[in-house]
Amino acid sequence: MDLRQLRYFLAVAEERHFKRAAERLHMAQPPLSQAIRQLEGELGVALFHRTTRRVDLTEAGRAYLDRVRAILAEVDQAADHARRVAAGSVGHLTLGCVGSATYSLLPTLSRHLAAELPGIDFSFRGEMLAPDQVEALRSGAIDVALLRPPAADPSLAVHTLRRDRLVVALPAEHPLAAKTRVRAADLAGLDMIMHSADRRSVMHDVVLGVLREAGIEPRIRHEVGETSTLITLVAGGLGVAVAPEPVTALALDGVVYRPLVRPAASIELAVAHRADRDEPHLARAVEVIRRLI
């Protein structure tokens, strides 16, 4: 027994006429009649009462028809699902996001992903430092990461999306808030709030490098793991901070942002995933991200 026989049976059962069923199936009537008899022989039951004018279903045929319709519907749905998987139209993906991109990109990006890939179920994890994202990619806890390079791991495929310039976050009443721009040299001797060195933050190393290039050894008073906490402490007047420009989307009372100059500095934003992952839906999501950012 095969699916072709089931489709033949369904056509005869619905048309109640072998000739019309054969025309519907685009085949000759004798092979159709033979196939139905073969099916009845395999089942060991008569499926039709045959007359010279029409055919009617037997009681067994009516019961068989219900199951055949359900089976063929499942087969068609399975085929459609397989085609959608192959096209990257269905699946589930978890996306991890670095702190600053969580506020500036994630709202817009999530809307675009939902609109362009409605069959893919997305979940999001924000406020992740790059090392945590790399580990989550390795373990499969997340599928795609928006992170700050470097991500020195040969098992990952990393695509640079853009560069974000650095800004200085200041308490609103701070004297430097009166400036339109802040030089690195202006930060000498100030209490600094920085991302944690213990958690191998990329931003910690970048900011430290920028300040030391300007001849400044920062006075670090607080280290944090989340960018939102970084800005919250600035709002509380506990120090100043250097962060990527997208953090300005996090508008808190008591904080102002000023471009960092002399030296002006920037940091990359990249999308990453495991290089051995080749699922179509993952590739389509990465394509959307690279096009939008």
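**View 1. The largest pocket in this predicted model holds about 230 Å³ of space.** The model is predicted, not experimental. Thirteen residues, written 13 in the count, line the largest pocket, and P131, V134, P150, A152 and R200 are the ones that lie nearest its centre. Sort the lining by chemistry and you get seven nonpolar residues, one polar and five charged. Helix 7 (130–139) and helix 8 (202–213) each supply at least two residues of that lining. The largest share comes from helix 7, with five residues.

**View 2. Here's helix 7, with its buried residues and what they pack against.** The buried residues are A130, P131, Q133, V134, A136 and L137. Two of these names, P131 and V134, also turn up among the residues that lie nearest the centre of the largest pocket. On the other side of these contacts you'll find strand 3 (91–97), strand 5 (144–147), strand 6, helix 8 and strand 12. Just after helix 7 comes G140, which takes a positive phi of about 90 degrees.

**View 3. Helix 9 (residues 227–235) has T227, L230, I231 and V234 buried.** Look down the axis of helix 9 and its buried residues fall within an arc of 90 degrees, so they line one face of the helix. Quite a few elements take part in covering these residues, including helix 5 (99–104), strand 6, strand 8, strand 9, strand 10 and strand 11. Helix 9 is followed by G237, whose phi is positive, near 80 degrees.

**View 4. R163 and E268 join side chains in a salt bridge.** The N to O distance for this pair is 3.3 Å. R163 sits in strand 6 (residues 156–171) and E268 in strand 12 (residues 266–274), so to speak distant parts of the chain, 105 residues apart. Are these two buried or exposed? Neither label fits R163, which is partly exposed with a relative accessible area of 49%. E268 counts as partly exposed too, at 25% relative accessibility.

**View 5. R165 and E245 make another salt bridge, at 3.1 Å from N to O.** R165 lies in strand 6, while E245 is in the loop between strand 10 (241–244) and strand 11 (255–261), so the pair ties together parts that are 80 residues apart in sequence. R165 is partly exposed at 43% relative accessibility, and E245 is partly exposed at 29%.

**View 6. D191 and R221 pair up in a salt bridge.** The closest N and O atoms are 3.7 Å apart, which is inside the 4 Å cut-off for a salt bridge. Because D191 lies in strand 8 (residues 191–195) and R221 in strand 9 (residues 219–224), the pair ties together parts that are 30 residues apart in sequence. D191 is partly exposed, with a relative accessible area of 25%, and R221 is partly exposed at 48%.

**View 7. E14, E15, R20, R24 and R69 are linked in a network of salt bridges.** Side chains of opposite charge can pair when their charged atoms come close. Across the model, the count comes to 23 salt bridges.

Notes
Residues are numbered from 1 along each chain as its sequence is written. This is a predicted model: local features need pLDDT of at least 70, side-chain atom pairs count only at pLDDT 80 or more; totals for chains, interfaces and linings use all residues. Side-chain values use heavy atoms; hydrogens and water are left out. Helices (H or I, at least four residues) and strands (E, at least two) are DSSP runs, numbered from the N terminus. Buried means under 20% relative accessible area, exposed over 50%, partly exposed in between (1.4 Å probe, protein chains only). The arc is that of the directions from the helix axis to the C-beta atoms. Contact means heavy atoms within 4.5 Å. On a 1 Å grid over the protein atoms alone, a cavity is a set of points where a 1.4 Å probe fits but cannot get out, and a pocket is an open set with protein on both sides within 12 Å along at least five of seven lines; lining residues have an atom within 4 Å of a point. Grid points are joined across faces, edges and corners, and a volume is the space filled by probe spheres set on the points. Ala, Val, Leu, Ile, Met, Phe, Trp, Tyr, Cys and Pro count as nonpolar, Asp, Glu, Lys and Arg as charged, and the others, Gly among them, as polar.
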